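Please open the model in your viewer and keep the sequence panel beside it, with residue selection switched on. The tour goes from the whole chain to single residues, one selection at a time.

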Amino acid sequence: MTAYVEPSFERDTNYIDDRITKDSPTWPVEPGRYRLVVSRACPWASRLTTVRRLLGLEDAISLGVCGPTHDADSWTFDLDPGGLDPVLKMPRLKDAFENRQPGYPRGITVPALVDVPTRSVVTNDFPQMDIDLIEQWGAFHRDGAPDLYPQALREDMDPVMKRIYTEVNNGVYRCGFAGEQTAYDAAYDRLFTALDWLEERLTDRRYLVGDHITLADVRLFTTLVRFDPVYHGHFKCNRAKLIEFPALWAYARDLFQTPGFGDTVDFEQIKRHYYVVHSDINPTGIVPKGPDLSGWMTPHGRESLGGSAFGDGTAPGAIAEGERVDPADNPAVGPDGLLHRSN
(Lines give C-alpha, C1' and ligand atoms only; values in the text may rest on other atoms or scores of the structure.)
Protein backbone atom coordinates (compact mmCIF):
# COMPACT_ATOMS: atom_id res chain seq x y z
CA MET A 1 0.00 0.00 0.00
CA THR A 2 1.30 3.45 -0.87
CA ALA A 3 1.20 5.97 1.97
CA TYR A 4 -0.94 9.04 1.38
CA VAL A 5 1.14 12.16 0.83
CA GLU A 6 -0.23 15.69 1.18
CA PRO A 7 0.02 17.39 -2.24
CA SER A 8 1.32 20.62 -0.74
CA PHE A 9 2.98 21.25 2.62
CA GLU A 10 1.10 23.15 5.32
CA ARG A 11 2.92 23.85 8.59
CA ASP A 12 1.07 23.00 11.80
CA THR A 13 1.16 26.27 13.74
CA ASN A 14 -1.05 25.23 16.65
CA TYR A 15 1.52 25.90 19.38
CA ILE A 16 1.28 26.41 23.13
CA ASP A 17 0.98 30.17 22.94
CA ASP A 18 1.47 31.20 26.57
CA ARG A 19 3.96 34.04 27.00
CA ILE A 20 6.58 34.95 29.57
CA THR A 21 6.03 38.66 30.22
CA LYS A 22 7.00 41.29 32.76
CA ASP A 23 3.45 41.54 34.13
CA SER A 24 2.27 37.93 33.81
CA PRO A 25 0.88 36.47 37.05
CA THR A 26 1.56 32.95 35.77
CA TRP A 27 4.78 33.17 33.77
CA PRO A 28 6.61 36.31 34.91
CA VAL A 29 10.05 37.31 33.65
CA GLU A 30 12.35 35.82 36.27
CA PRO A 31 16.05 35.12 35.70
CA GLY A 32 17.05 31.51 36.28
CA ARG A 33 13.51 30.17 36.16
CA TYR A 34 13.27 29.12 32.50
CA ARG A 35 15.31 26.89 30.24
CA LEU A 36 15.41 27.40 26.48
CA VAL A 37 15.48 23.99 24.80
CA VAL A 38 16.78 23.96 21.24
CA SER A 39 18.45 21.82 18.64
CA ARG A 40 21.27 23.35 16.64
CA ALA A 41 19.85 21.52 13.63
CA CYS A 42 16.55 23.40 13.64
CA PRO A 43 16.29 26.83 11.96
CA TRP A 44 13.44 27.96 14.19
CA ALA A 45 15.45 27.07 17.30
CA SER A 46 18.56 28.72 15.85
CA ARG A 47 16.65 32.01 15.75
CA LEU A 48 16.26 31.86 19.52
CA THR A 49 19.84 30.71 20.09
CA THR A 50 21.17 33.67 18.11
CA VAL A 51 18.85 36.24 19.69
CA ARG A 52 19.69 34.99 23.20
CA ARG A 53 23.41 35.35 22.49
CA LEU A 54 23.12 38.76 20.81
CA LEU A 55 21.13 40.11 23.77
CA GLY A 56 23.39 38.51 26.38
CA LEU A 57 20.65 36.53 28.13
CA GLU A 58 22.85 33.52 28.91
CA ASP A 59 22.79 34.14 32.68
CA ALA A 60 19.05 34.81 32.73
CA ILE A 61 17.84 31.88 30.60
CA SER A 62 19.76 28.61 30.56
CA LEU A 63 20.19 26.55 27.39
CA GLY A 64 19.36 22.89 26.83
CA VAL A 65 20.48 21.34 23.56
CA CYS A 66 18.82 18.28 22.04
CA GLY A 67 20.63 16.05 19.59
CA PRO A 68 20.15 16.52 15.86
CA THR A 69 18.02 13.44 15.26
CA HIS A 70 14.74 12.34 16.74
CA ASP A 71 12.08 9.74 16.19
CA ALA A 72 8.35 10.28 15.66
CA ASP A 73 7.96 10.58 19.43
CA SER A 74 10.29 13.31 20.61
CA TRP A 75 13.51 15.28 20.50
CA THR A 76 15.95 13.74 22.98
CA PHE A 77 18.87 14.92 25.12
CA ASP A 78 21.26 12.34 23.74
CA LEU A 79 24.19 14.80 23.67
CA ASP A 80 24.19 15.04 27.46
CA PRO A 81 25.88 12.54 29.81
CA GLY A 82 23.55 9.64 30.45
CA GLY A 83 21.09 11.02 27.92
CA LEU A 84 19.53 13.34 30.51
CA ASP A 85 19.25 17.11 30.40
CA PRO A 86 21.44 18.20 33.34
CA VAL A 87 18.89 20.74 34.61
CA LEU A 88 15.53 19.21 33.74
CA LYS A 89 16.71 15.65 34.49
CA MET A 90 14.67 14.17 31.66
CA PRO A 91 15.65 12.17 28.58
CA ARG A 92 13.04 13.52 26.16
CA LEU A 93 11.56 16.93 25.52
CA LYS A 94 8.21 15.16 25.30
CA ASP A 95 8.32 14.72 29.07
CA ALA A 96 8.10 18.50 29.53
CA PHE A 97 5.10 18.66 27.19
CA GLU A 98 3.44 15.78 29.07
CA ASN A 99 4.08 17.57 32.37
CA ARG A 100 2.22 20.55 30.96
CA GLN A 101 -0.60 18.52 29.38
CA PRO A 102 -0.80 14.75 29.93
CA GLY A 103 -1.37 13.04 26.62
CA TYR A 104 -0.19 16.11 24.72
CA PRO A 105 -1.65 15.47 21.25
CA ARG A 106 0.48 17.62 18.95
CA GLY A 107 4.05 17.58 17.69
CA ILE A 108 6.96 17.95 20.10
CA THR A 109 8.84 20.95 18.73
CA VAL A 110 11.87 23.08 19.40
CA PRO A 111 12.45 25.76 20.44
CA ALA A 112 10.57 25.44 23.70
CA LEU A 113 10.80 27.45 26.89
CA VAL A 114 10.47 25.19 29.91
CA ASP A 115 9.63 26.20 33.47
CA VAL A 116 12.41 24.60 35.51
CA PRO A 117 10.55 24.28 38.87
CA THR A 118 7.63 22.38 37.32
CA ARG A 119 9.67 20.87 34.41
CA SER A 120 6.81 21.77 32.07
CA VAL A 121 6.70 23.63 28.78
CA VAL A 122 5.56 27.23 28.94
CA THR A 123 5.54 27.89 25.20
CA ASN A 124 6.81 26.58 21.87
CA ASP A 125 5.32 29.50 19.90
CA PHE A 126 8.57 30.44 18.16
CA PRO A 127 7.23 33.43 16.14
CA GLN A 128 6.48 35.22 19.42
CA MET A 129 9.36 33.88 21.51
CA ASP A 130 12.16 35.88 19.91
CA ILE A 131 10.14 39.10 20.08
CA ASP A 132 9.46 38.49 23.77
CA LEU A 133 13.17 37.98 24.47
CA ILE A 134 13.65 41.44 22.97
CA GLU A 135 10.70 43.26 24.54
CA GLN A 136 10.08 41.51 27.85
CA TRP A 137 13.60 40.66 29.02
CA GLY A 138 15.17 44.10 28.52
CA ALA A 139 16.17 44.43 32.17
CA PHE A 140 18.53 41.49 31.69
CA HIS A 141 20.05 42.39 28.32
CA ARG A 142 23.81 42.87 28.34
CA ASP A 143 25.34 46.32 28.13
CA GLY A 144 25.72 47.17 24.45
CA ALA A 145 23.04 44.74 23.29
CA PRO A 146 21.56 45.70 19.91
CA ASP A 147 17.96 46.81 19.51
CA LEU A 148 16.81 43.99 17.26
CA TYR A 149 13.26 45.27 16.85
CA PRO A 150 13.50 49.08 16.79
CA GLN A 151 10.19 50.83 17.20
CA ALA A 152 11.03 53.29 14.42
CA LEU A 153 11.65 50.49 11.92
CA ARG A 154 8.77 48.15 12.69
CA GLU A 155 6.48 49.46 9.98
CA ASP A 156 9.16 48.48 7.45
CA MET A 157 10.36 45.35 9.24
CA ASP A 158 7.06 43.57 9.74
CA PRO A 159 6.12 43.07 6.05
CA VAL A 160 9.72 42.10 5.23
CA MET A 161 9.75 39.48 8.00
CA LYS A 162 6.32 38.20 6.96
CA ARG A 163 7.50 37.66 3.39
CA ILE A 164 10.72 36.02 4.56
CA TYR A 165 8.74 33.60 6.72
CA THR A 166 6.07 32.64 4.20
CA GLU A 167 8.24 32.57 1.08
CA VAL A 168 11.75 31.64 2.29
CA ASN A 169 11.82 30.14 5.81
CA ASN A 170 8.73 28.08 5.10
CA GLY A 171 9.22 28.10 1.34
CA VAL A 172 12.09 25.62 1.41
CA TYR A 173 9.89 23.20 3.35
CA ARG A 174 7.07 23.72 0.87
CA CYS A 175 9.48 22.51 -1.83
CA GLY A 176 10.94 19.64 0.16
CA PHE A 177 7.68 18.15 1.39
CA ALA A 178 5.58 18.66 -1.73
CA GLY A 179 3.74 15.47 -2.54
CA GLU A 180 2.89 16.23 -6.17
CA GLN A 181 4.79 17.70 -9.08
CA THR A 182 2.46 20.66 -9.53
CA ALA A 183 2.72 21.56 -5.83
CA TYR A 184 6.51 21.32 -5.99
CA ASP A 185 6.70 23.43 -9.15
CA ALA A 186 4.59 26.17 -7.59
CA ALA A 187 6.60 26.09 -4.37
CA TYR A 188 9.88 26.24 -6.29
CA ASP A 189 8.74 29.28 -8.25
CA ARG A 190 7.55 31.06 -5.11
CA LEU A 191 10.83 30.42 -3.32
CA PHE A 192 13.09 31.69 -6.07
CA THR A 193 10.87 34.69 -6.73
CA ALA A 194 11.50 35.66 -3.11
CA LEU A 195 15.22 34.94 -3.30
CA ASP A 196 15.47 37.10 -6.43
CA TRP A 197 13.67 39.89 -4.54
CA LEU A 198 16.15 39.57 -1.66
CA GLU A 199 19.10 39.52 -4.04
CA GLU A 200 17.93 42.81 -5.53
CA ARG A 201 17.13 44.35 -2.13
CA LEU A 202 20.53 43.47 -0.67
CA THR A 203 22.57 44.62 -3.65
CA ASP A 204 22.74 48.21 -2.41
CA ARG A 205 21.98 47.88 1.32
CA ARG A 206 24.02 46.02 3.91
CA TYR A 207 21.14 44.84 6.09
CA LEU A 208 17.52 44.10 5.36
CA VAL A 209 16.11 47.11 7.22
CA GLY A 210 18.12 50.01 8.59
CA ASP A 211 21.87 50.37 9.11
CA HIS A 212 22.38 47.62 11.71
CA ILE A 213 21.37 44.02 12.30
CA THR A 214 17.75 43.46 13.27
CA LEU A 215 15.50 40.50 13.90
CA ALA A 216 14.77 40.41 10.17
CA ASP A 217 18.41 39.52 9.49
CA VAL A 218 18.38 36.82 12.15
CA ARG A 219 15.28 35.22 10.67
CA LEU A 220 16.67 35.17 7.14
CA PHE A 221 20.14 33.99 8.14
CA THR A 222 18.96 30.69 9.65
CA THR A 223 17.59 29.61 6.26
CA LEU A 224 20.50 30.94 4.20
CA VAL A 225 23.12 29.13 6.27
CA ARG A 226 21.30 25.83 5.65
CA PHE A 227 20.63 26.42 1.98
CA ASP A 228 23.64 24.82 0.29
CA PRO A 229 24.25 22.06 2.89
CA VAL A 230 20.61 20.92 2.91
CA TYR A 231 17.90 22.76 1.02
CA HIS A 232 19.55 22.91 -2.41
CA GLY A 233 19.82 19.13 -2.73
CA HIS A 234 17.69 17.49 -0.06
CA PHE A 235 14.68 19.78 -0.60
CA LYS A 236 15.25 20.13 -4.38
CA CYS A 237 15.68 23.92 -4.18
CA ASN A 238 18.18 23.64 -6.98
CA ARG A 239 17.75 26.50 -9.42
CA ALA A 240 20.85 28.03 -7.88
CA LYS A 241 23.04 27.61 -4.81
CA LEU A 242 23.42 30.39 -2.28
CA ILE A 243 27.01 30.88 -3.44
CA GLU A 244 25.63 31.72 -6.91
CA PHE A 245 23.69 34.76 -5.64
CA PRO A 246 26.37 37.50 -5.42
CA ALA A 247 24.58 39.82 -2.98
CA LEU A 248 22.91 37.12 -0.88
CA TRP A 249 26.12 35.12 -0.54
CA ALA A 250 28.12 38.20 0.50
CA TYR A 251 25.32 39.20 2.92
CA ALA A 252 25.21 35.72 4.44
CA ARG A 253 29.01 35.74 4.94
CA ASP A 254 28.80 39.19 6.54
CA LEU A 255 26.28 37.89 9.07
CA PHE A 256 28.11 34.60 9.57
CA GLN A 257 31.26 36.51 10.53
CA THR A 258 29.30 38.61 13.05
CA PRO A 259 29.51 37.24 16.63
CA GLY A 260 26.24 35.58 17.56
CA PHE A 261 25.57 34.23 14.07
CA GLY A 262 28.27 31.92 12.70
CA ASP A 263 29.55 30.91 16.12
CA THR A 264 26.18 29.27 16.90
CA VAL A 265 26.08 27.18 13.68
CA ASP A 266 26.75 23.44 13.72
CA PHE A 267 26.86 22.30 10.09
CA GLU A 268 27.23 18.61 10.89
CA GLN A 269 24.21 18.54 13.18
CA ILE A 270 22.22 20.43 10.55
CA LYS A 271 23.04 17.88 7.85
CA ARG A 272 22.55 14.89 10.13
CA HIS A 273 19.09 16.04 11.14
CA TYR A 274 17.67 16.54 7.68
CA TYR A 275 19.28 13.60 5.90
CA VAL A 276 18.65 11.08 8.70
CA VAL A 277 15.26 12.15 10.09
CA HIS A 278 13.57 12.70 6.72
CA SER A 279 13.71 9.05 5.73
CA ASP A 280 10.79 9.48 3.31
CA ILE A 281 12.93 11.92 1.31
CA ASN A 282 16.31 10.22 1.90
CA PRO A 283 15.56 6.54 2.62
CA THR A 284 19.23 5.49 2.63
CA GLY A 285 20.03 7.85 5.51
CA ILE A 286 23.35 8.74 3.87
CA VAL A 287 24.64 12.13 5.02
CA PRO A 288 26.65 13.97 2.33
CA LYS A 289 30.21 15.00 3.10
CA GLY A 290 29.91 18.37 1.33
CA PRO A 291 29.61 21.12 0.57
CA ASP A 292 32.95 22.88 0.98
CA LEU A 293 32.48 25.32 3.87
CA SER A 294 35.77 27.18 3.62
CA GLY A 295 34.17 30.16 1.86
CA TRP A 296 32.15 31.28 4.88
CA MET A 297 35.06 33.23 6.36
CA THR A 298 36.30 34.83 3.14
CA PRO A 299 36.07 38.64 2.78
CA HIS A 300 32.56 39.80 1.88
CA GLY A 301 33.18 43.44 0.97
CA ARG A 302 29.88 44.60 2.45
CA GLU A 303 31.53 47.33 4.54
CA SER A 304 31.41 49.59 1.47
CA LEU A 305 27.61 49.75 1.80
CA GLY A 306 27.88 51.52 5.15
CA GLY A 307 26.28 50.65 8.45
CA SER A 308 27.70 48.36 11.08
CA ALA A 309 26.46 45.26 12.83
CA PHE A 310 25.92 46.73 16.29
CA GLY A 311 25.78 50.48 15.65
CA ASP A 312 26.43 52.21 18.98
CA GLY A 313 26.38 48.85 20.75
CA THR A 314 28.97 46.13 21.04
CA ALA A 315 29.44 42.53 19.99
CA PRO A 316 28.64 39.75 22.46
CA GLY A 317 31.60 38.38 24.37
CA ALA A 318 32.96 34.92 24.96
CA ILE A 319 30.74 31.87 24.71
CA ALA A 320 30.39 29.74 27.83
CA GLU A 321 32.42 26.56 27.44
CA GLY A 322 29.39 24.33 27.75
CA GLU A 323 27.60 26.15 24.92
CA ARG A 324 30.36 26.14 22.31
CA VAL A 325 29.94 24.52 18.92
CA ASP A 326 32.33 21.65 18.28
CA PRO A 327 35.11 22.98 16.00
CA ALA A 328 34.87 19.72 14.04
CA ASP A 329 31.33 20.74 13.02
CA ASN A 330 32.14 24.30 11.96
CA PRO A 331 35.59 24.95 10.46
CA ALA A 332 35.42 28.64 11.32
CA VAL A 333 35.07 28.06 15.09
CA GLY A 334 38.18 27.81 17.22
CA PRO A 335 38.66 25.91 20.50
CA ASP A 336 37.54 29.06 22.35
CA GLY A 337 34.16 28.89 20.59
CA LEU A 338 34.80 32.09 18.64
CA LEU A 339 35.10 32.59 14.89
CA HIS A 340 38.58 32.63 13.42
CA ARG A 341 39.49 33.49 9.86
CA SER A 342 41.53 30.70 8.27
CA ASN A 343 45.06 31.51 7.17
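What follows is a walk through a predicted model, beginning with the whole protein and ending at individual residues.

**The whole chain**

Begin with everything selected in a cartoon view, where the secondary structure comes to 9 helices and 4 strands, and where the elements, read from the N terminus on, run β-α-β-α-β-β-α-α-α-α-α-α-α. The radius of gyration is 19 Å, close to the 20 Å that the globule rule gives for 343 residues, so the protein is as compact as a globular protein of that length. If you align the view to the principal axes, the C-alpha atoms fill a box of roughly 60 × 50 × 40 Å.

Colouring by accessibility is a useful next step, since 55% of the 343 residues count as buried, while the accessible surface comes to about 15000 Å², with 50% of that area belonging to carbon and sulfur atoms. A contact map adds a further view: among contacts with a separation of 6 or more, 71% are between residues 24 or more positions apart. For the charges, select the 36 positive and 51 negative ones, whose mean positions are 1 Å apart.

**The strands around β3**

Now select residues 112-115, which make up strand β3. Are the residues on its two faces buried or exposed? Ala112 and Val114 on one side, and Leu113 and Asp115 on the other, are all buried, and both faces of the strand are thus covered.

Add residues 34-39, strand β1, which runs antiparallel to β3 and is joined to it by 4 bridges; within this pairing, Val37 stands opposite Ala112. Then add residues 120-123, strand β4, which pairs with β3 over 3 bridges, again in the antiparallel sense, and here Leu113 stands opposite Thr123.

Between β3 and β4 there are 4 residues, and the two strands form a hairpin. Zoom in on Arg119 in the loop between these strands: its phi is near 55°, a positive value in a residue other than glycine, and its relative accessibility of 32% places Arg119 in the partly exposed class.

**A second positive phi**

Move to Lys89, in the loop between β2 (62-66) and α2, where phi is near 60°, again positive in a residue other than glycine. Is Lys89 buried or exposed? Its relative accessibility is 54%, and Lys89 therefore counts as exposed, the cut-off for that class being over 50%.

**Two cis peptide bonds**

Select Val110 and Pro111 together and inspect the bond joining them, which is cis with omega about 0°; Pro111 lies in the loop between α2 (93-100) and β3. Continue to Gly290 and Pro291, where the peptide bond is also cis, with omega near 0°, and where Pro291 is found in the segment after α9.

**A buried glutamate**

The last selection is Glu323, in the segment after α9 (267-277). Why does Glu323 count as buried? Its relative accessible area is 19%, and the class takes in values under 20%, so Glu323 falls within it. To see the surroundings, display Arg40, Arg52, Glu58 and Leu63, with which Glu323 is in contact once its neighbours within four places in sequence are left aside.

How values were computed
Residues numbered from 1 in each chain as written. Predicted model: local features only at pLDDT ≥ 70, side-chain atom pairs only at ≥ 80, totals over all residues. Heavy atoms only, no water. Rg over C-alpha atoms; globule rule 2.2 N^0.38 Å. Buried < 20%, exposed > 50% of the residue type's maximum accessible area, 1.4 Å probe, protein only. Contact = heavy atoms within 4.5 Å. Areas by Shrake-Rupley, 256 points an atom, 1.4 Å probe, with all protein chains shown as cover. Lys, Arg positive; Asp, Glu negative; His and termini not counted. Charge placed at Lys NZ, Arg CZ, Asp CG, Glu CD. Pairing = 2+ DSSP bridges.
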